[in-house]
Amino acid sequence: MNPKPIDEFIEKNKPLFWYTPEDKKAGISDELLLENVINYCELSTIKELFAIWGLQKSKRVFKGMKGRKAHNFYPEIYHFFSEYFKRVA
């Protein structure tokens, strides 16, 4: 069975999830994945995730992060991507 693109993406970026046991990495939530990628990765990696998910899903996951989850983003990162999704997706 071939791995899904998102599983390959997580495997390639597994240092972001150093605290997650290997057997649990495939179960990482979309919110946690997006949070870590946006907060800690370079633009090329962010673009790669958006290409796998598509802009609409990326926007939906981002906009769905309310309260504490939304505050896990650095403020300038949250502001930037709020504006980005308003204009692009």
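E11 has a relative accessibility of 44% in this predicted model, and because that value lies between the 20% and 50% limits, the residue counts as partly exposed. The side chain of E11 takes part in a salt bridge with K14, in which the closest N and O atoms are 3.2 Å apart. K14 is likewise described as partly exposed, its relative accessible area being 32%.

A salt bridge that spans the sequence comes next: E48 pairs with K12, and the closest N and O atoms of the two are 2.8 Å apart. This pair links distant parts of the chain, since E48 belongs to helix 3 (residues 43-53) and K12 to helix 1 (residues 5-12), with their positions 36 residues apart in the numbering. The two partners fall into separate accessibility classes, for E48 is partly exposed with a relative accessible area of 26%, whereas K12, with 54%, is exposed.

Within helix 5 (residues 75-88) the arrangement is local, as E83 and R87 both lie there, four residues apart, which is about one turn of the helix. Their salt bridge brings the closest N and O atoms to 3.5 Å. E83 is partly exposed, having a relative accessible area of 25%, while R87, at 69%, is exposed. This pair also belongs to a wider arrangement, in that E83, K86 and R87 are linked in a network of salt bridges.

The bridges described here are among the six salt bridges that the structure holds, including the pairing of K14 with E11 and the link from E48 in helix 3 to K12 in helix 1.

Key
Residues numbered from 1 in each chain as written. Predicted model: local features only at pLDDT ≥ 70, side-chain atom pairs only at ≥ 80, totals over all residues. Heavy atoms only, no water. Salt bridge = Lys/Arg side-chain N within 4 Å of Asp/Glu carboxyl O. Buried < 20%, exposed > 50% of the residue type's maximum accessible area, 1.4 Å probe, protein only. Helix = DSSP H or I, 4+ residues; strand = E, 2+ residues; numbered from the N terminus.
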